[in-house]
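I opened this notebook to keep track of what I looked up in the structure, entry by entry. The order follows my own reading.

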There are 2 protein chains.
Amino acid sequence: MTAHVAQPAEPVCLTQPAEPICLTQPEGPVCLAQPGGPIRLARRMARVQPSAVRDLLRLGADPTVTSFGGGYPDAGLFPLAGLAEIYREAIAESGRETLQYSVPEGISRLREQVAARMAQDGMPTAPDEVLILQGGQQGLDLAGRMLIDPGDIVITENPTFLGALLAFDPNEPRYLGIDMDGEGMDMAALEAALVANPTARVLYTVPDFHNPAGVTMSLARRQRLMELANRHDLVVLEDAPYRALRYEGVAPPTLRSMDTEGRVIHFGSFSKILVPGMRLGWAVGAPALIERLGLLKLAADTQSSTINMVAASRFLDRFDIDAHIVTIRDAYRHKRDVMLAALRRHFPQDIGFTEPAGGMFTWLTFPEGFDAAAFMRDHALPEARVAYVPGATFFPVEQRSNHARLSFTTNSDADIERGIAALGVLLRARR
Amino acid sequence: MTAHVAQPAEPVCLTQPAEPICLTQPEGPVCLAQPGGPIRLARRMARVQPSAVRDLLRLGADPTVTSFGGGYPDAGLFPLAGLAEIYREAIAESGRETLQYSVPEGISRLREQVAARMAQDGMPTAPDEVLILQGGQQGLDLAGRMLIDPGDIVITENPTFLGALLAFDPNEPRYLGIDMDGEGMDMAALEAALVANPTARVLYTVPDFHNPAGVTMSLARRQRLMELANRHDLVVLEDAPYRALRYEGVAPPTLRSMDTEGRVIHFGSFSKILVPGMRLGWAVGAPALIERLGLLKLAADTQSSTINMVAASRFLDRFDIDAHIVTIRDAYRHKRDVMLAALRRHFPQDIGFTEPAGGMFTWLTFPEGFDAAAFMRDHALPEARVAYVPGATFFPVEQRSNHARLSFTTNSDADIERGIAALGVLLRARR
């Protein structure tokens, strides 16, 4: 129920440019040693440091380790034959267009298709309310740049998606993390935080199958969130990459569908429903906001890959992506069930885990005082050859060491069973 | 429309430029009207406004207009058969890897190949000194974020590449533009500017076949530039997307090849030597700088497209890209000759134009007082059905109206001749 306000990692006043001093801040130096003397970097680089996720992506590459760490989709489900043919055709038939520059906001056919899919999900959307992105991550980066001045307060769930923190950090916000329960963000805590921090401007949330926590925001909480957003004049960034991956129950409406004031930007992605290697996502929102995001997109990378946009569009035209999503859902539902059953069977009773109705993750809560990072380094990896993501890195303010995120999407049933059993043996032995 | 200047919600104490040499005041609103009331954007959005290039990209799409505007390569030269087969194979043979996530710095084989190409060009480069980018534009965006604090002085050629200004603008620099002659940036003017502005930290240059000016920096100027960079502690951003497109003469060495102090970051691109629609470029530089750019890349878009990186890498392995570049060079050399001959034949004597030894552009200088934008709007477009880029937009500080950029790469010989002749008739009639 507590709200955590981050203290800025450094004084909020910028150094005078006339002062040629290399800052060294608690989080790390912003000068780089070079043969000709140190190179001073921009102040924001004090907030851009190597992260645990980068090392973990490398760790996952060791084939002798069973990794529950990465947030990867199961490549065994990729529609390879269809995509191979689509790419070949798109180049052979119209390569002079599909390999040329196009436009920063994305090719119009794909914008129409995304708009139609949003409408099916309760969000009537015009094509000019759609911006095609280089993956959903780019949306967080562009939105952060559009909205956050140094020192601004950004509200997130506590814990929250690490990629969002990475995207927002260079804009030097202060974070305010709101705890969750099984229905998502605690609205009483949010309201108290907004009253105490009237200048808060941006709220970031993953309402469906939260990364890392695996919980979904209830309808009542969504309604309350929008009331508070309207009253306190927040821009809401609704990050929904897992929304289509629901394994049971009925989807509550999106925040964007409840937005009467043009203050929600909704982000989606092809990474989890098609493939991540094309790097395609989208933002939908009020045209004025989408236009500004498009200007930042033009400045950031000119446009997304034309050939990949054309390939995604042709896939949507020629194949039934909803049928493909059913296949993915069936596969992941089964994997989730295998993992939850293994957790019930092998883990000590005092370790909690969430039971996600969709998405890719379950979130472990160990007893107070347990250090999930140290346990992974000293026991899980060397003794069980099992990796996960220690939870501390997902907390925007005060890191809590007694959590971990497990992904259930990529391993075989046998590896899930073996890995969780091996962890369970170690956990019981440690206590 | 009211112009709202963002007041930081917190007392942020941003630096005021000590000496507002080149600062253009924000003109547009940084609040967006929405049904629930205005949404305040970050202060940097005052520097992110719709640009002429965006409208021009649209204009070029009108098939009844002969456009010398866009900086597009000739799609007729794209190696379509090879790429169609490579994409099909890459997906059919190893789609589980080529369509999956990979790593933010780029797949290792492509980094090796780029490093080898840089070494061939006089820049011994290790793979960990290469960052694969979402096009060269992303390199400018990431470098700007890494290096520029609000109020910092960034030195560019005068005029300079518009995309660089778009990329740097959100970081709120002050620009200092250095005039060029036929040998590139004026080094006496650069030295005087550095002495007068000792806090200048970043220098951006397009030394080869400058965009928009079409000139190449001489060897002596390059040596002098590096002396000044070392003495005045500058980071040099060397933007070289056209470097391989040399139509005659011997290439002077790159700035990066002369860099003994790790202060040059060199940017290249596949857009002009392969295709732009894959959105692939690279940065090479000192490992510490490349690592920081990689962290910003991870935050910005996770990684470049895996399938596109694999396709480019396979193309380099299976085809002779240098032979392909010779084909492109032969074609563009011919187009350049057609355009320069047409300019000599049809334009009044008092209109100057550069004679580029490579690249894609020639730069027109009209007599003082001529307004190239008004002439295009009132005469060139409606009367001759010809478009170009009015030059004012390429000036970082004081815009000069009597210039225009012409691209010679995409039109047929007949269209170049017809378009330049039609412009010539109008220009003679106006005077």
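**Entry 1: a small sheet in chain A**

I began with a single bridge, in which F353(A) has L364(A) of strand 16 of chain A as its partner, and I kept in mind that the model is a predicted one. That bridge led me to the pairing of strand 15 with strand 16 of chain A, which is antiparallel and runs over two bridges. Following the neighbours outward, I found an open sheet of four strands in chain A, in the order 15-16-19-18, with antiparallel pairing. Strand 15 (352-353) and strand 18 (389-390) of chain A are its edge strands, and each of them pairs on one side only.

**Entry 2: the domains of chain A**

I then looked up how chain A is divided, and the assignment gives domain 1 as 52-78 + 323-429 and domain 2 as 96-318. Their centres, taken over C-alpha atoms, are separated by 25 Å. Where the two domains of chain A meet, 26 residues of domain 1 are in contact with 28 residues of domain 2. On the domain 1 side, helix 10 (321-346) and strand 16 (361-365) of chain A are the elements that give two or more residues, and helix 10 of chain A gives the most, with six residues. I also noted the classes on that side of domain 1, namely 15 nonpolar, seven polar and four charged residues.

**Entry 3: strand 8 of chain A**

Is strand 8 of chain A buried or exposed? I found that six of the six residues of this strand (residues 153-158) are buried, so strand 8 of chain A is largely enclosed by the rest of the structure. Strand 8 of chain A runs parallel to strand 9 (residues 174-181) of chain A, and six bridges join the two; T156(A) stands opposite G177(A) in strand 9 of chain A. Between these two strands the chain passes through helix 5 (residues 162-168) of chain A, giving a β-α-β crossover that is right-handed. Strand 8 of chain A also pairs with strand 11 (residues 202-205) of chain A, again in the parallel sense, over three bridges, and there V154(A) has V202(A) as its bridge partner.

**Entry 4: a sheet in chain B**

Turning to chain B, I traced an open sheet of eight strands in the order 4-11-10-9-8-5-6-7, in which the pairing is mixed. Strand 4 (130-133) and strand 7 (184-185) of chain B stand at the edges with a single partner strand each, so one side of each has no neighbour in the sheet. I looked at strand 4 of chain B separately and found both of its faces covered, with V130(B) and I132(B) on one side, L131(B) and L133(B) on the other, and all of these buried. Its pairing with strand 11 (residues 281-284) of chain B is antiparallel over four bridges, and V130(B) stands opposite V284(B) in strand 11 of chain B. Elsewhere in chain B, strand 5 (residues 153-158) and strand 8 (residues 202-205) pair in the parallel sense over three bridges, with T156(B) opposite Y204(B) in strand 8 of chain B.

**Entry 5: the two chains together**

How many residues does each chain bring to the contact? I noted 89 residues from chain B and 88 residues from chain A. Several elements of chain B give two or more residues to its side, including strand 2 (39-40), helix 1 (52-59) and helix 9 (306-318), and the largest share, ten residues, comes from helix 2 of chain B. By class, the chain B side has 48 nonpolar, 23 polar and 18 charged residues.

I then checked how the copies are related: chain B is superposed on chain A by a rotation of 180 degrees with 0.0 Å of shift along the axis, at an RMSD of 0.0 Å. The two copies are therefore related as by a two-fold rotation axis, and the same surface serves both, since 94% of the contact residues of chain B recur in chain A.

**Entry 6: G36(A)**

My last entry concerns G36(A), which lies in the loop between strand 4 (31-32) and strand 5 (39-40) of chain A. With 16 other C-beta atoms within 10 Å, G36(A) is partly exposed. Leaving aside residues up to four places away in sequence, G36(A) touches N230(B), E261(B), G262(B) and R263(B). G36(A) and E89(A), 53 residues apart in sequence, are 52 Å apart in space, C-alpha to C-alpha.

Technical notes
Residues are numbered from 1 along each chain as its sequence is written. Chains are lettered from A and ligands numbered from 1 in the order in which they are written. This is a predicted model: local features need pLDDT of at least 70, side-chain atom pairs count only at pLDDT 80 or more; totals for chains, interfaces and linings use all residues. Two residues are in contact if their C-beta atoms, placed from the backbone, lie within 7 Å. Ala, Val, Leu, Ile, Met, Phe, Trp, Tyr, Cys and Pro count as nonpolar, Asp, Glu, Lys and Arg as charged, and the others, Gly among them, as polar. A residue is buried if 20 or more other C-beta atoms lie within 10 Å of its own, exposed if 12 or fewer, and partly exposed in between; C-beta atoms are placed from the backbone. Two strands pair if DSSP finds at least two bridges between them. A crossover is right-handed if, with the strands pointing away from the viewer, the path from the first strand over the helix to the second runs clockwise. Domain bounds come from an automatic or database domain assignment. Copies are superposed by least squares on the C-alpha atoms of residues with pLDDT of at least 70 in both.
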